[in-house]
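The following exercises invite a close reading of one protein structure. Each task is followed by a solution that proceeds step by step.

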Amino acid sequence: MWRNSSYILRISSTKSVGKVGYRPIKSAKERLKDKLRTLTSRKRTGTFSEIVKRINQTTVGWINYYGVSNMKTFIKEIQGWLNHRLRQLIWKRWKLPRTKYAKLRQYGIRHDEAMKTAHSRKGYWRISRSEVLHQAIPNKRLVKWGLKDLSQLYERRYSKD
């Protein structure tokens with residue numbers, strides 16, 4: 001038995017102010033988030049470049065598939081969440097306070113702030129939201145390390161159609 005084509009594509013149609021648009025269904029968004037959560041797990045093995053490569057494969061494929069739909073807000077949210085997850089992963093991989101301190105200093109953080117953050121007892125998730133870590137690992141640096149910017153990918157894909 002054939003299903004509605006919009007279900008197969010996992011896109012739902014919407015009507016707002018006289019326009020008809022499409023967006024991915026909720027379960028498709030949740031599956032993407034679950035997959036990215038698995039890829040950015042703190043206990044995951046492998047190098048950072050391998051992890052970024054797998055993330056890029058997943059996100060590019062997902063955007064190519066769902067790129068015809070309206071999801072600008074979702075893409076911004078998932079990009080912010082993904083960057084947060086990657087900062088957490090990097091922070092965990094630095095492990096020791098002396099490594100954390102050295103890396104923070106390497107990325108231009110002042111001595112007292114680097115010392116305070118490196119020796120903090122707060123968890124990985126909370127530290128990854130800190131201003132210091134955002135200054136040390138800005139979004140530009142993540143892109144420089146190979147992570148593709150989802151907003152740009154989406155804009156390119158969305159503008160094709």
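## Exercise 1. Salt bridges

Arg110, Asp112 and Glu113 are linked in a network of salt bridges. The model under study is predicted.

**Task.** Determine which pairs form this network, and state how exposed its acidic members are.

**Solution.**

Step 1. Begin with Asp112, whose side chain meets that of Arg110 in a salt bridge with an N to O distance of 4.0 Å.

Step 2. Turn to Glu113, which forms a salt bridge with Arg110; here the closest N and O atoms are 2.9 Å apart.

Step 3. Arg110 takes part in the bridge to Asp112 and in the bridge to Glu113, and the three residues are thus joined in a network.

Step 4. Assign the exposure classes, for which partly exposed lies between 20% and 50% relative accessible area. Asp112 has a value of 45% and is therefore partly exposed. Glu113, at 27%, also counts as partly exposed.

**Task.** The structure holds three salt bridges. Describe the bridge between Asp34 and Arg37 and place its partners in the secondary structure.

**Solution.**

Step 1. The side chains of Asp34 and Arg37 meet at 2.9 Å, N to O.

Step 2. Both residues belong to helix H2, where they are three residues apart, about one turn of the helix.

Step 3. Asp34 has a relative accessible area of 41% and so is partly exposed. Arg37 counts as partly exposed because its relative accessibility is 35%.

Step 4. The general principle is that side chains of opposite charge can pair when their charged atoms come close.

## Exercise 2. Overall architecture and core

**Task.** Summarise the secondary structure, then identify the elements that build the largest nonpolar core.

**Solution.**

Step 1. Count the elements: the protein has 10 helices and two strands.

Step 2. Order them along the sequence, which gives the pattern α-β-β-α-α-α-α-α-α-α-α-α.

Step 3. Consider burial: of the 161 residues in the protein, 37% are buried.

Step 4. Locate the core. The largest nonpolar core has 36 residues, and those touching the most other members are Leu36, Ile55, Leu86, Trp94 and Leu104. At least two core residues come from each of helix H2 (26-39), helix H3 (48-66), helix H4 (72-94), H8 and helix H10 (150-160). H4 gives the most, with 10 residues.

Step 5. This arrangement may be read beside a general tendency: in soluble globular proteins, nonpolar side chains tend to be buried together.

## Exercise 3. A charged patch on the surface

**Task.** Which residues gather in a patch of positive charge on the surface, and where does Arg129 lie?

**Solution.**

Step 1. The patch brings together Lys116, Lys122, Arg126 and Arg129.

Step 2. Arg129 is located in the loop between helix H7 (124-127) and helix H8 (131-136).

Step 3. Exposed means over 50% relative accessible area. Arg129 reaches 60% and therefore counts as exposed.

## Exercise 4. Loop residues and contacts across the sequence

**Task.** Characterise Lys95 by location, exposure and backbone angle.

**Solution.**

Step 1. Lys95 sits in the loop between H4 and helix H5 (97-106).

Step 2. Its relative accessible area is 60%, so Lys95 is exposed.

Step 3. The phi angle of Lys95 is near 50°, a positive value in a residue other than glycine.

Step 4. Between the C-alpha atoms of Lys95 and Ala118 the distance is 9.6 Å, with 23 residues separating the two in sequence.

**Task.** For Arg44, Val68 and Glu50, give the location, the exposure and the C-alpha distance to a residue elsewhere in the chain.

**Solution.**

Step 1. Arg44 occupies the loop between H2 and H3. A relative accessibility of 25% is why Arg44 counts as partly exposed. Its C-alpha atom is 9.0 Å from that of Leu89, 45 residues away along the chain.

Step 2. Val68 is in the loop between H3 and H4, and with a relative accessible area of 38% Val68 is partly exposed. Val68 and Tyr154 are 86 residues apart along the chain, yet their C-alpha atoms are separated by 9.0 Å.

Step 3. Glu50 belongs to helix H3 and is partly exposed at 43%. The C-alpha atoms of Glu50 and Gly146 are separated by 9.9 Å, across 96 residues of chain.

Conventions
Residues are numbered from 1 along each chain as its sequence is written. This is a predicted model: local features need pLDDT of at least 70, side-chain atom pairs count only at pLDDT 80 or more; totals for chains, interfaces and linings use all residues. Side-chain values use heavy atoms; hydrogens and water are left out. Patches are made of residues with over 30% relative accessible area and no salt bridge: like charges are joined within 9 Å, nonpolar side chains (Val, Leu, Ile, Met, Phe, Trp, Tyr) within 5 Å. Accessible areas come from the Shrake-Rupley method with a 1.4 Å probe; for residues, only the protein chains shown count as cover. Lys and Arg count as positive and Asp and Glu as negative; His and the chain ends are not counted. The place of a charge is taken as NZ of Lys, CZ of Arg, CG of Asp or CD of Glu. Helices (H or I, at least four residues) and strands (E, at least two) are DSSP runs, numbered from the N terminus. Buried means under 20% relative accessible area, exposed over 50%, partly exposed in between (1.4 Å probe, protein chains only). A nonpolar core is a set of buried Ala, Val, Leu, Ile, Met, Phe, Trp, Tyr and Cys residues joined through side-chain atoms within 4.5 Å.
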